[in-house]
Amino acid sequence: MPLHSVLRICHILLLAPCIFSSEDFDWTKNEKGSFQYGTFPSGFSWGAGSSAYQTEGAWDKDGKGKSIWDVFSHKRGKIDRNDTGDSSCEGYYKIKDDISLMRDMKLNHYLFSISWPRILPSGIKTDYINEKGIEHYDNLINMLLENRITPIVTLYHWDLPQVLEEKYGGWQNASMVNFFNDFANLCFERFGNRVKYWITFNNPWSVAVEGYETGEHAPGLKMRGTGAYNAAHNIIKAHAKVWHTYDAQWRNKQKGMVGISLSADWGEPVDITNQRDIEAAERYVQFYLGWFAAPFYNGDYPQIMKEYIGKKSAQQGLSSSRLPTFSPQEKSYVRGTCDFLGISHFTTRYITQKNFPSNRGNNYFTDRDLAELVDPQWPDPGSEWLYSVPWGFRRLLSYVKTQYGDPMIYVTGNGVSEKIMCTELCDDWRMQYFRDYINEMFKAVKDGVNVKGYTAWSLLDKFEWDEGYSERFGLYYVDFGSKNKQRYPKASVQYYKRIISSNGFPNQREIESWKRKALETCTSSNQLLAADPLIGHMEMVTEIVIPTVCTLCILLSAVFLMFLLRTRILN
């Protein structure tokens, strides 16, 4: 905020419309109540998710073109330990095996993405359609339906065809709107008779900010202060065009729905009695979630974003805001283009006011004038950004209800990772995370939030973008060092399976037994996995392949035990 008192007064007046727009949400009321028992409404859908680049592998097989992630991950130093998604889980070859895992869990739905360059190698429909790519997704969709699992299909989970990045500049170029619409239209034509739930984009915030602002993700560009806003603008228009295409050409025939999946951390005021902290928390959520949601529900960017970015741009001496504008026709075209809203949520931050003077440089993060804080007592078992703060989930869902007119919501991603070098299938922290977060979602449903389904993230351990394989989100452990990428169930599989079969949390005694039984199961699975890499090691040595870290752990343990036994015998 400006330091001069006159500007401060003007700013308060400008901020008022934004505060009033969400006046139904009470920032001063945070009920961190006890665990609640009960079941979700009949028909509530339980599932798990994945994405193409993270799980499929087969990066250059059967006519697939290169994606920006194929190119980015092959550049040394971009990914932890220089990992790539070249083979990943080999999901491209293991459809039948993975669907058997879903069937065993009794999943109602499976959320996955279609690789744009696997179907259109150049990204352009008029160039070439790869029928082998079409056949792969045909098989996946058909097999899911045969097993009574509903496919929820994401059209874009970050793997832009590399040709479109090289020739046009990717999402910086408005021509992506038509290219993406052609791709989506092809998917509707080929798969829409069986797919009834479409998601245009998964987490466009990451696409824009990490792809074109910080450069942490593909395509790795650092266009400070403009790149993220331009990319987001084109993504929003691309989503709207795809929705209108489906509405005009396919809805009456196929009876499906088109939505978008937005990722959002919750931002809680450090002091809920301090108006400046409340305003800062509002900005945090609006710059994160509202950036994309507001155009679809209100026809324009959040007022607070327009004011802050416009003010910072003027202080830089720019003649116009770095945030692009929608024309009146575009506002009308974009508004109302979500049949449902996907919400992907993992963690929470405390937020307080912090001024960033323009002379220090402007970018997405400094435009917000806020600081993010965490409570050191919050559990953080894996990713450095992911703290377990269950009550933030209920707050976020309630905010969505009040801010955007009670939309139909599907939770499209929620889960927790771990950073463990050696194998650990008894993931009690993940069971606790699911228990607490799903219960907060249950409270939100009881509050009247229209949540229709929940997607655990993720079905399998997989390639985790710039973190490579150093973090694991999966319900199933994947042995990436083995030839066939063997899957092993973690304890959380059995725990989540019981939540699904009970459609919630029936009573205290039963829920307490779930964890105990799940841990009993994973103990025997751990023993199986501990033995298996020894066999795998024999195979890998003959192929002159370096053993996995876990294999080395087991071998070193065996050598140490032999040493102790020998010492005891000699004594």
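**Entry 1, Glu268 and Arg395.** I began with Glu268, whose relative accessible area of 2% makes it buried, and I note at the outset that I am reading a predicted model. I then looked up the partner of Glu268 and found a salt bridge to Arg395, with the closest N and O atoms 3.1 Å apart. This pair joins distant parts of the chain, since Glu268 sits in strand E7 (residues 266–269) and Arg395 in helix H16, with their positions 127 residues apart. Arg395 has a relative accessible area of 6% and is therefore buried, the cut-off being under 20%.

**Entry 2, Arg394.** I moved to Arg394 and asked whether this residue is buried or exposed. Its relative accessibility is 11%, so I recorded Arg394 as buried. I found Arg394 in a salt bridge with Glu31, where the closest N and O atoms are 3.6 Å apart. Here too distant parts of the chain are linked: Glu31 belongs to the loop between helix H1 (5–21) and strand E1 (38–39), Arg394 belongs to helix H16 (residues 391–403), and the two are 363 residues apart. Glu31 itself, at 42% relative accessibility, counts as partly exposed.

I also found that Arg394 forms a salt bridge with Asp447, for which the closest N and O atoms are 2.9 Å apart. That pair connects helix H16 with helix H17 (residues 428–447), across 53 residues of the chain. Asp447 is partly exposed, with a relative accessible area of 41%. Elsewhere in my list of salt bridges, shared partners join Glu418, Asp427, Arg430, Asp461, Arg472 and Lys490 into one network. The count for the structure came to 31 salt bridges.

**Entry 3, the nonpolar cores.** I next asked which residues of the largest nonpolar core touch the most other members. They are Trp171, Trp198, Leu289, Trp291 and Met441, in a core of 158 residues. Helix H12 (residues 275–298) is the greatest contributor to this core, giving 13 residues. As background, I noted that nonpolar side chains in soluble globular proteins tend to be buried together.

I followed Met441 further, and with neighbours within four places in sequence set aside, I listed its contacts as Phe40, Phe44, Trp46, Phe393, Leu397, Val411, Val451 and Tyr454. Apart from the largest core lies another one, made of six residues, including Leu111, Ile152, Phe340 and Tyr410.

**Entry 4, Gln54.** I located Gln54 in helix H2 (residues 52–55), and its relative accessible area of 1% is why I entered Gln54 as buried. Not counting residues up to four places away in sequence, Gln54 touches Ser88, Cys89, His157, Trp457, Lys462, Phe463, Glu464 and Trp465. I also checked Gly468, which is 414 residues from Gln54 along the chain, and the C-alpha atoms of these two residues are separated by 9.4 Å. The side chain of Gln54 makes a polar contact, at 2.7 Å, with the side chain of Ser51.

**Entry 5, helix H10.** Last, I asked how many of the 23 residues of H10 are buried. The answer is 17, so by that count, with buried meaning under 20% relative accessible area, H10 is mostly covered. I then compared the helix with its expected span: at 1.5 Å a residue, the 23 residues of H10 (residues 227–249) should span 33 Å, and the end C-alpha atoms are 33 Å apart, which agrees.

Technical notes
Residues numbered from 1 in each chain as written. Predicted model: local features only at pLDDT ≥ 70, side-chain atom pairs only at ≥ 80, totals over all residues. Heavy atoms only, no water. Expected span 1.5 Å × (residues − 1). Buried < 20%, exposed > 50% of the residue type's maximum accessible area, 1.4 Å probe, protein only. Core = buried A, V, L, I, M, F, W, Y, C linked by side-chain atoms within 4.5 Å. Contact = heavy atoms within 4.5 Å. Salt bridge = Lys/Arg side-chain N within 4 Å of Asp/Glu carboxyl O. Polar contact = N/O pair within 3.5 Å; in protein donor to acceptor, adjacent residues only side chain to side chain.
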